[in-house]
Amino acid sequence: MQATMNSKNFRFGWLVLLIGLWAASAQAFELLPEQVDDNVWALVGEIRGRTPENHALNNTLGFVITPKGVILIGSGATPTGAALIERTIAKVTDQPIRWLIDIGAQDHHWLGNSYFAAKGIPIIALARTVAAQKAHVDDHLARLKQVLGEEADDVHPVYANRVLEGDRAELNLGRIRIELIWPGNGHFPGDAVAWLPDRGIVFAGDFVFNDRILGVHPFSNVVEWRQAFERIAALHPRIVVPGHGHPGSLAKAQRDTGDYLDFLVEKVGKALEDWKDLGETTDALDDAPQFQHLKFYKRWHRTNINRTYLQMEAKQ
Ligand SMILES: [Zn+2]
């Protein structure tokens with residue numbers, strides 16, 4: 001009898017442990033709504049890479065609550081992620097999402113569009129942003145499939161249905177003035193920023209990486225990214241909502257992104273002037289303690305030097 005009880009207890013113990021493990025593993029990823037000003041919020045995703053748990057929401061989006069509804073800036077990477085965005089906003093306001101603005105060409109800024117389009121929510125973007133989304137969509141879908149598996153099967157690209165020509169367009173949504181501005185090429189061609197001139201707040205998308213080191217991709221343009229950053233800084237924003245990391249002041253964006261772009265362009269430019277080769281340049285610039293506080297410094301810094309060198313050399 002005693003033995004039976006013990007083995008039952010033992011089995012019960014295992015069951016509790018398994019349920020506990022399941023509950024811990026199923027503990028859902030949450031987007032962090034971070035208020036930056038009256039009725040203006042950032043939605044801060046995970047700082048590390050894309051995972052099935054975070055639905056590739058390893059970036060920062062945002063929203064503005066107006067008397068006529070919510071303006072959402074960025075839709076996430078998948079319909080599941082988009083639903084999470086909607087649920088997160090519903091914790092903050094009863095106002096429904098009325099408009100969606102796409103400022104980014106990279107997957108996690110817009111591939112959740114279909115979820116909002118199905119609800120009849122108009123999607124607004126600069127023509128340049130849409131063109132860049134179209135140019136890169138196949139790569140994004142293939143990569144999402146690799147990372148997310150099944151969840152990626154639900155992703156169907158839907159593009160803005162209110163496409164604005166030119167490099168600057170003014171919108172008035174729910175009595176909030178928003179300018180969509182293309183400040184130049186950067187992390188992705190076609191990326192734009194959403195500027196609230198009356199509030200001094202800029203949703204800077206992937207032109208600004210806070211807290212983590214930015215990544216230079218083969219299609220990023222480091223020299224133009226630096227100029228674009230300067231154009232964003234020239235707006236003199238009080239608050240910068242980045243494309244990755246937490247929102248903050250312009251000084252923070254300058255430290256985490258602007259200074260790093262300056263470093264890449266100036267140091268690599270000097271190395272090219274001095275006829276240093278790629279290996280020498282990468283080794284010489286490898287140690288940059290002023291940027292070591294940025295997450296993923298070790299993973300990205302050498303790659304960034306490398307790609308900056310190749311880009312700048314090709315343009316010489
Ligand atoms: Zn991004």
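Select Ala125 and Val163 to begin: Val163, in β7, is the bridge partner of Ala125. Helices (H or I, at least four residues) and strands (E, at least two) are DSSP runs, numbered from the N terminus. The model is predicted: local features need pLDDT of at least 70, side-chain atom pairs count only at pLDDT 80 or more, and totals for chains, interfaces and linings use all residues. Residues are numbered from 1 along each chain as its sequence is written, and side-chain values use heavy atoms, with hydrogens and water left out.

**The open sheet**

Widen the selection to residues 123-126, which form β6; this strand and β7 pair in the parallel sense over 3 bridges. Two strands count as paired if DSSP finds at least two bridges between them. Strands of a sheet pair through backbone hydrogen bonds, either parallel or antiparallel.

Now display the sheet to which these strands belong: an open sheet of 7 strands, ordered β1-β2-β3-β4-β5-β6-β7, with mixed pairing. At its edges stand β1 (32-37) and β7 (162-164); each has a single partner strand, so one side of each is left without a neighbour in the sheet. On average, neighbouring strands of this sheet are turned by 25° against each other, direction ignored. Axes are lines fitted to C-alpha atoms, for helices over the stretch in contact, and angles run from 0 to 180 degrees between N-to-C directions.

Add helix α5, residues 127-148, which packs on the sheet and touches β6 and β7. Contact means heavy atoms within 4.5 Å. The direction of α5 makes about 95° with that of β6.

**Inward from β6**

Select β5 next, residues 97-101; 4 of its 5 residues are buried. Buried means under 20% relative accessible area, exposed over 50%, and partly exposed in between (1.4 Å probe, protein chains only). β5 and β6 pair in the parallel sense over 2 bridges, and Leu100 stands opposite Ile123 in β6.

Strand β4 (residues 69-73) also pairs with β5 in the parallel sense, over 4 bridges; here Ile73 stands opposite Ile101 in β5. Helix α2, residues 79-90, completes a right-handed β-α-β unit with β4 and β5. A crossover is right-handed if, with the strands pointing away from the viewer, the path from the first strand over the helix to the second runs clockwise.

**The edge at β1**

Select Glu34, which is found in strand β1. Its C-alpha atom and that of Pro247 are separated by 8.2 Å, although the two residues are 213 residues apart along the chain. Leaving aside neighbours within four places in sequence, Glu34 is in contact with Val40, Trp41, Ala42, Val44, His246 and Pro247.

**The zinc site**

Which atoms coordinate the zinc ion? Select Gln106 (OE1), His108 (NE2), Asp206 (OD) and His244 (NE2), the coordinating atoms at 2.2 to 2.4 Å. Donors are N, O and S atoms within 2.8 Å of the metal (3.2 Å for Na, K and Ca); water is not among the atoms, so sites may look incomplete. The angles among the 4 donor atoms are 78 to 139°, and the site is irregular. Four donors count as tetrahedral if all angles lie between 85 and 135 degrees; four count as square planar and six as octahedral if opposite donors are over 155 degrees apart and all others between 65 and 115; anything else is irregular.

Asp206 lies in strand β11 (residues 201-209) and His244 in strand β12 (residues 239-244), so the pair ties together parts that are 38 residues apart in sequence. Are Asp206 and His244 buried or exposed? Both Asp206 and His244 are buried.

**Around β11**

Colour β11 by accessibility: 9 of its 9 residues are buried. Strand β10 (residues 193-196) runs antiparallel to β11, joined to it by 3 bridges, with Leu196 opposite Ile201. The two strands form a hairpin with 4 residues between them, and Gly200 in the turn has a positive phi of about 70°.

On to β12, which pairs with β11 in the parallel sense over 5 bridges; Pro242 in β12 is the bridge partner of Gly205. β11, α6 and β12 make a right-handed β-α-β unit.

**Two loop residues**

Select His236, in the loop between α6 (222-233) and β12. His236 has a positive phi of about 55° although it is not a glycine, and at 64% relative accessibility it counts as exposed.

Finish at Trp275, in the loop between α7 (250-273) and α8 (278-285). Its phi, near 60°, is a positive value in a residue other than glycine, and Trp275 is exposed, with a relative accessible area of 80%.
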